[in-house]
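Here is a set of short exercises to work through with the structure open in your viewer. Try each task before you read its solution.

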Amino acid sequence: MNITGKSLINGTWQVGEGVDTFFAFVPQENRYDDLPFYEVSQHLVESASAAAEQAFKRYRKTTPEQRADFLDAIAENILALGNDLIHTTMRETGLPEQRLEGERMRTVNQLRFFANDLRANLVTSTIEDEQPERAPLPKPETELTYIPVGPVAVFGASNFPYAFSTLGGDTASALAAGCTVVVKGHPAHPATSELMANAILKAIKDLDMPLGVFALLQTSRPEPSHQLVKCTEIKAVGFTGSFNVASSLQKSIHQRQEVIPLYGELGSINPQVILPKKVACDAESLAQALVGSLMMGQGQFCTSPGVWLLPANNEKFLTATAQALSTASSAPLLTPGILANYQASIQQIRDIRDVSLVGQNSPSAPFHPQAQIVRTNVKAFLEHRILHEETFGPSAIIVEYDGVTELMSLIEQLQGQLTASIHGLSQEIDEQAEIVEALSFSVGRLILNQMPTGVEVCATMNHGGPFPSSTDVRTTSVGLHAKDRFLRPICYQR
């Protein structure tokens, strides 16, 4: 398919005058591609935001059925891109074909999920009747309903080029809510972003939606991101990425006269609590399952199991972990920057005196990361804050605890997490209700005897958590209630 390298603004592919270009990285070849993409200009960022505001005046008047048809059309157009989309993304990300086919269907199903909800829940108001006879004052009729907040800025993520990127969950939920969207595409997969933007552009034209309902800004520089969140037309931000970038964007938002919400999903170490009886009878299979979860996507999942809390003196489990990791295949990380940060983080962790190596794999190429699992004790874990931070890549820390009291002391000092899992026998979990209760206040999703990798798109899903895993503990970026972020309440009194 023809790739222009331009930004999509108000229904047309545009490029500013005299702008620079950037190039996508090809992970499997360890080099940059030769297809140029044009850095979006300041003027085009302003044009996209203005067009989004103008389009919002019309789009907010669409019926739930019309928005449902729009989302369904986008889903069908994504499927119509066929293998060209998959092969383009494979080149830009190095992710395998089967993984991308699954993620594409997840993205299509997300759009259909919100479409089905719009059709099923056409009445969203709560009405209280008037009480004219009430003393000492009569009560008026009041109606509580929800309206869209306005244009939303969405930031694509590198590790999920479909499901958390151009037409991912943030975009789908904002469109479902009745908001227009300006996407800042991720520079790790710009051709993928352009193909996805063409899918929504066709739906816009076919269904006569306002052209400014969606925009894609292509850039590898930070300045347009800050400019975008400062645009007065933007009323909310959906972000998936690192804590540091989110913090930087938040500073720009606070420079606005009208401060707007940034709904950020920022990552997690997803602690895995292993209870004594479980590991005593299931050490080998549990170790293999945890290593398998860790190595999904080479550890580049926000729900990757980064810390395993293991009862002390479980050499059988450690041996099984080392064996499973030694045979794990390697693959490139998404970008050179991610690899550099991974290697720097691993070195810092290995330099801690009370940290020792459990196992590692043998990379099949010099530019692949080496997967590593290390071990330490509770005292060292609590002393070194870097051990509490997410290492984005194929690594995990085993923290050995001596008894429930020491385990509780660690859990009580955990930062906010997206997920945590408890691995234990049924009776054992029942006996440790205190651990379950304590973990509940540190996570957004508590999992029993399952791996954290994988986020089901359903009405009851919560993909968020206490800070710093996300910026607003009350919200989710996956599932039915993701659209609530882009609605606000209004009361009509009669």
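Helices and strands here are DSSP runs, numbered from the N terminus, with at least four residues for a helix and at least two for a strand. Please keep in mind that this is a predicted model.

**Exercise 1. A serine in a loop**

Task: Find where Ser-158 lies, decide whether Ser-158 is buried or exposed, and list what Ser-158 touches.

Solution. Start with the location: Ser-158 belongs to the loop that runs between strand 7 (152-155) and helix 5 (169-177). Next, check accessibility. Buried means under 20% relative accessible area. Ser-158 has a relative accessible area of 11%, so Ser-158 is buried. Finally, look for partners, not counting residues up to four places away in sequence: Ser-158 touches His-186, Ala-188, His-189, Leu-334 and Ile-338.

**Exercise 2. A serine in a strand**

Task: Place Ser-395 in its element, then find its contacts.

Solution. Ser-395 lies in strand 16 (residues 395-401). With a relative accessible area of 9%, Ser-395 is buried. Setting aside neighbours within four places in sequence, the contacts of Ser-395 are Leu-294, Gly-306, Tyr-342, Ile-346 and Gln-372. One further check: Gly-299 is 96 residues from Ser-395 in sequence, while their C-alpha atoms are 6.9 Å apart in space.

**Exercise 3. Ring geometry**

Task: Work out why the pair Phe-160 and Phe-164 is edge-to-face, then do likewise for Tyr-263 and Phe-486.

Solution. Two rings pair if their centres lie within 6.5 Å, and planes over 60 degrees apart count as edge-to-face. By this rule there are 10 aromatic pairs. For Phe-160 and Phe-164, the ring centres are 5.5 Å apart and the planes stand at 65°, so this pair is edge-to-face. Phe-160 is buried at a relative accessible area of 10%, and Phe-164 is buried at 9%. For Tyr-263 and Phe-486, the centres are 6.0 Å apart with planes at 80°, so this pair is edge-to-face. This pair links distant parts of the chain, 223 residues apart: Tyr-263 sits in strand 11 (residues 262-265), and Phe-486 in the loop between strand 18 (443-448) and strand 19 (487-493). Tyr-263 is buried with a relative accessible area of 13%, and Phe-486 is buried at 0%.

Now return to Phe-160. Together with Phe-164 and Phe-301, Phe-160 forms one aromatic cluster. Arg-99 lies over the face of Phe-160, 4.7 Å from the ring centre.

**Exercise 4. Three helix pairs**

Task: Find how helix 9 and helix 10 are oriented, and then treat helix 3 with helix 4 and with helix 6.

Solution. Step one is helix 9 (residues 276-295) and helix 10 (residues 315-326), whose axes come within 8 Å and cross at roughly 30°. That makes helix 9 roughly parallel to helix 10. Their crossing is right-handed. Among the residues that meet there are Val-279, Ala-283 and Leu-286 in helix 9 and Phe-317, Ala-320 and Ala-324 in helix 10.

Step two is helix 3 (residues 82-93) and helix 4 (residues 97-120), which pack at about 120° with axes 10 Å apart. Helix 3 and helix 4 are therefore oblique to each other. The crossing of helix 3 and helix 4 is right-handed.

Step three is helix 3 and helix 6 (residues 190-206), with axes that come within 8 Å and cross at roughly 155°. That makes helix 3 roughly antiparallel to helix 6. Helix 3 passes helix 6 in a left-handed crossing. The contact is made by Asp-84, Leu-85, Thr-88, Thr-89 and Glu-92 of helix 3 with Pro-190, Ala-191, Thr-192, Leu-195 and Met-196 of helix 6.

**Exercise 5. An enclosed helix**

Task: Explain why helix 7 (residues 223-230) is largely enclosed by the rest of the structure, and find what covers its buried residues.

Solution. Six of the eight residues of helix 7 are buried, so helix 7 is largely enclosed. Those buried residues are Pro-224, Ser-225, His-226, Gln-227, Leu-228 and Val-229. Their cover includes helix 1 (42-59), strand 7, strand 8 (181-184), strand 9 (214-217), strand 10 (236-240) and helix 8 (243-253).

Technical notes: Residues numbered from 1 in each chain as written. Predicted model: local features only at pLDDT ≥ 70, side-chain atom pairs only at ≥ 80, totals over all residues. Heavy atoms only, no water. Phe/Tyr/Trp six-rings, centres within 6.5 Å; stacked < 30°, edge-to-face > 60°. Buried < 20%, exposed > 50% of the residue type's maximum accessible area, 1.4 Å probe, protein only. Lys NZ or Arg CZ within 6 Å of the ring centre and 35° of its normal. Axes fitted to C-alpha atoms, helices over the stretch in contact; angles between N-to-C directions. Parallel < 35°, antiparallel > 145°, perpendicular 65-115°, else oblique. Left-handed = near helix turned anticlockwise from the far one by under 90°. Contact = heavy atoms within 4.5 Å.
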